[in-house]
Amino acid sequence: MLRSGYSDANRELLRMSVTIYHNPACGTSRNTLALIRATGVEPEVIHYLETPPSRDELASLIQRMGITPRDLLRGKGTTFTELGLSDPTLTDEKLIDAMMAHPILINRPIVVGPNGVRLCRPSEEVLSVLDRPLDADFVKEDGEVVPANG
């Protein structure tokens, strides 16, 4: 079994076209990154709180995921509440404005892979955008097992 944080010095990690918009303080994001690496891929890691996507990039990610800006909006935290973002009358443009001004409002992790773009919640959703399967069961930080090839 592979464990979160797994590394095998004898196995060369391959770089394919995989990008993760990552927040290392988020357990789901850490598990997603570890799952990608467990398939033998070393992704491009974008710490989106430090280097947020441009407005055009964010709009493109939303469109490619087939979701709405509200679907990507992180509803936890004081920023969401303080800005009154639960208001259903807010337009998509206003929600994108809020995410651009406060990147913490962008839900994570977002992964761009050979098979598409996905908000990976739960973390095993990442397997649907990769073109390499898990070779062994993977154990998340909380002990939950993600079965290989399943």
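A helix here is a DSSP run of H or I at least four residues long, a strand is a run of E of at least two, and both are numbered from the N terminus. With that in hand, welcome to this structure, which is a predicted model.

**The chain as a whole**

The protein chain holds five helices and seven strands. Following the sequence from its start, you meet them in the pattern β-β-α-β-α-α-α-α-β-β-β-β. Of the 150 residues in the protein chain, 41% are buried. About 7,900 Å² of the protein chain is exposed, and carbon and sulfur atoms supply 48% of that area. Contacts also reach along the sequence: among those between residues at least 6 apart, 62% join residues at least 24 apart.

**The sheet**

A good place to start looking is the open sheet, where four strands stand in the order β3-β2-β4-β5 with mixed pairing. Its edges are β3 (44-47) and β5, each of which pairs on one side only. From one strand to the next, the twist averages 15°. Helix α1 packs on this sheet and touches β2, β3 and β4, with its direction at about 160° to that of β2. As a general point, the strands of a sheet pair through backbone hydrogen bonds, in either a parallel or an antiparallel way.

Now zoom in on strand β4, residues 110-113. Are its two faces covered or uncovered? Both are covered: I110 and V112 are buried on one side, and V111 and G113 are buried on the other. On the β2 side, strand β2 (residues 19-22) runs antiparallel to β4, and three bridges join the two. Within that pairing, Y21 stands opposite I110 of β4.

On the β5 side, β4 pairs with strand β5 (residues 116-119), again in the antiparallel sense, over four bridges. Which residue of β5 is the bridge partner of I110? That partner is L119. G113, in turn, has G116 as its bridge partner in β5. The connection from β4 to β5 is a hairpin made through two residues.

Strand β5 has two distinct faces. Its side chains alternate, so to speak, in where they point: V117 and L119 face one way and are buried, while G116 and R118 face the other way and are not.

**Two helices beside the strands**

Helix α1 covers residues 27-38, twelve residues in total, and at 1.5 Å a residue it should span 16 Å; the C-alpha atoms at its ends are 16 Å apart, which agrees. Many names appear on its buried list: S29, N31, T32, L33, A34, L35, I36 and A38. Just past the end of α1 comes G40, which takes a positive phi of about 95°.

Helix α2 (residues 55-65) lies across β2, β4 and β5, and runs at about 95° to β5.

**Loops and cysteines**

Four residues help to show how cover varies from place to place. A residue counts as buried under 20% relative accessible area and as exposed over 50%, with partly exposed in between.

| Residue | Relative accessible area | Class |
|---|---|---|
| P88 | 71% | exposed |
| E144 | 37% | partly exposed |
| C26 | 7% | buried |
| C120 | 0% | buried |

P88 sits in the loop between α4 (78-82) and α5 (92-101). Why does P88 count as exposed? Its relative accessibility is 71%, and the exposed class begins over 50%. P88 and R70 are 18 residues apart in sequence, and their C-alpha atoms are 9.2 Å apart in space.

E144 belongs to another loop, the one between β6 (138-139) and β7 (145-146). Which residues does E144 touch, leaving aside those up to four places away in sequence? They are E124, F138 and V139.

As for the cysteines in the table, C26 is buried at 7% relative accessibility, and C120 is buried at 0%. How many disulfides turn up in a search of the whole structure? The search finds zero.

Definitions and conventions: Residues are numbered from 1 along each chain as its sequence is written. This is a predicted model: local features need pLDDT of at least 70, side-chain atom pairs count only at pLDDT 80 or more; totals for chains, interfaces and linings use all residues. Side-chain values use heavy atoms; hydrogens and water are left out. Buried means under 20% relative accessible area, exposed over 50%, partly exposed in between (1.4 Å probe, protein chains only). Two strands pair if DSSP finds at least two bridges between them. The expected span of a helix is 1.5 Å times one less than its number of residues. Axes are lines fitted to C-alpha atoms, for helices over the stretch in contact, and angles run from 0 to 180 degrees between N-to-C directions. Contact means heavy atoms within 4.5 Å. Accessible areas come from the Shrake-Rupley method with a 1.4 Å probe; for residues, only the protein chains shown count as cover. A disulfide is a pair of cysteine sulfur atoms within 2.5 Å.
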